[in-house]
Amino acid sequence: MNTGRSSNLFRCCTEFLGFAGDDRNESFHANNLLVLCFGEMLIDFVPTVGEVSLADAPAFEKAPGGAPANVAVGISKLGGSSAFIGKVGDDEFGHMLVNILKQNNVDNSGMRFDQNAKTALAFVTLRADGEREFLFYRHPSADMLFRESELDGSLIEKAAIFHYGSISLIEEPCRSTHIAAMEIAKRSGSLLSYDPNLRLPLWPSAEVARTEIMSIWDQADIIKISEEEITFLTDSDNHNDDNVVLEKLFHPNLKLLMVTEGSEGCRYFTKDFKGRVGGVTVNPVDTTGAGDAFVGGILYCLASDLNLYKDEKRLREALYFANVCGAISVTKRGAIPALPTKEAVLEFQQAKGASR
């Protein structure tokens, strides 16, 4: 465990998340509101062995993925209420993905099929030097062809939190669909949650990526970014400097900004306070989807208490829970298959506590 305060934080976290079984927690979970995720869902192909390049991988396993879809499933597996809106090909992979949402109790009524484009594919590996490699097949894929007329507006209006990334901003018509969905959610009173999830190989250029990612920045209520994304978006090498984050990325309407730092945990920033919550140490197998597991964990908590970000103690408890979600997810291959249940998070924390 990376922090000496983890024992107390663990106890608070389990009580906060309803593990203690008292009346307050039962009421707390009865108010679990809908989190709606928008964007891409695809098939990740992951090497059967670790620490190799894509060219050297002997074979690949298919795994469902796509950052916003990962978050939706992550929330549902934790016991929350989630839905996903997106588009896949009218092919075997597309129908498989929609069925996986259903199997994981994610509302898939907003999904659409395209008869003229295939479901997106991505080959993903973690090389021996720790760098991830991505090779995408989207020329164009069905998710890029999602049209505004295909949106389920009534489903969006039900969401307490509307979560999205930046990949859906790359091409039309999906970009306009993304903007329209955000507008519906904002009018309906949803909190807007943004994880840029930078994938430079998909963008025409780094300059276009930076411009488009920042084009919707000021509309978000909640933002999660990585250290690498701070460097990219601010053009600063000092991603550890809180002043860089506050001056260049924290906008006036932002309620919560989170910076994930891998096994070291995360930093958090609100209008009233900032700090760091330590992570946990595990033996990583595949880091794909770790950030999505973290986002699923924190949005699961926020959906139970939309004012969570105003209380630093409760926010720290929720962020520790999210850190554990991320840690567990890297111990298995693939993104969705590795997302933890609430029970798995509790067991993991208990085992870590017993080992102290």
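**A walk from helix H3 into the sheet**

Just after helix H3, Gly79 adopts a positive phi of about 105°. That glycine is a handy place to begin a tour of this predicted model, and we can step back from there into the helix itself.

Helix H3 covers residues 67-77. Of its 11 residues, 10 are buried, so the helix is largely enclosed by the rest of the structure. The buried ones are Ala67, Pro68, Ala69, Asn70, Val71, Ala72, Val73, Gly74, Ile75 and Ser76. What lies over them? The cover includes strands E1, E3, E4 and E9, together with helices H4 and H10.

Now look at Lys77, which also lies in helix H3. Its relative accessibility is 22%, and because buried means under 20%, Lys77 counts as partly exposed. Leaving aside neighbours within four places in sequence, Lys77 is in contact with Asn104, Ile336, Pro337, Leu339, Pro340, Thr341 and Lys342. Another residue to find from here is Val106: its C-alpha atom is 9.1 Å from that of Lys77, although the two are 29 residues apart along the chain.

Let us follow one of the covering elements, helix H10. The axes of H3 and H10 (residues 290-304) come within 8 Å and cross at roughly 45°. The two helices are therefore oblique to each other, and H3 passes H10 in a right-handed crossing. Which residues make the contact? From H3 come Ala67, Asn70, Val71 and Ile75, while H10 supplies Asp292, Val295, Gly296, Leu299 and Tyr300. Sorted by class, this contact has 6 nonpolar, 2 polar and 1 charged residues. The spacing of such positions has a simple background: an α-helix has 3.6 residues a turn, so residues three or four places apart point the same way.

Next comes the sheet. It is an open sheet of 8 strands, in the order E4-E1-E9-E10-E11-E12-E13-E14, with mixed pairing. Strand E4 (81-85) and strand E14 (274-277) stand at the edges with a single partner strand each, so one side of each has no neighbour in the sheet. On average, neighbouring strands are turned by 20° against each other, direction ignored. Helix H10 returns here, because it packs on the sheet and touches E1 (34-38), E9, E10, E11, E12 and E13 (266-269). The direction of H10 makes about 170° with that of E9.

Within the sheet, strands pair through backbone hydrogen bonds, either parallel or antiparallel. Strand E9 (residues 161-164) pairs with E10 in the parallel sense over 4 bridges, and the bridge partner of Ile161 in E10 is Leu191. Is strand E10 (residues 191-194) covered or open on its faces? Both faces are covered: Leu191 and Ser193 on one side, and Leu192 and Tyr194 on the other, are all buried. Further along, strand E11 (residues 222-226) and strand E12 (residues 256-260) run parallel and are joined by 5 bridges. There, Lys224 stands opposite Met258 in E12.

For a last stop, find Asp235, in the loop between helix H8 (227-234) and helix H9 (242-248). With 70% relative accessibility, Asp235 counts as exposed. Its C-alpha atom is separated by 9.9 Å from that of Lys248, which is 13 residues apart from Asp235 along the chain. Asp235 thus ends the tour in the open, whereas H3, where we started, is largely enclosed.

Note on methods. Residues are numbered from 1 along each chain as its sequence is written. This is a predicted model: local features need pLDDT of at least 70, side-chain atom pairs count only at pLDDT 80 or more; totals for chains, interfaces and linings use all residues. Side-chain values use heavy atoms; hydrogens and water are left out. Axes are lines fitted to C-alpha atoms, for helices over the stretch in contact, and angles run from 0 to 180 degrees between N-to-C directions. Angles under 35 degrees count as roughly parallel, over 145 as roughly antiparallel, 65 to 115 as roughly perpendicular and the rest as oblique. A crossing is left-handed if the near helix is turned anticlockwise from the far one by less than a right angle, and right-handed if clockwise. Contact means heavy atoms within 4.5 Å. Ala, Val, Leu, Ile, Met, Phe, Trp, Tyr, Cys and Pro count as nonpolar, Asp, Glu, Lys and Arg as charged, and the others, Gly among them, as polar. Buried means under 20% relative accessible area, exposed over 50%, partly exposed in between (1.4 Å probe, protein chains only). Two strands pair if DSSP finds at least two bridges between them.
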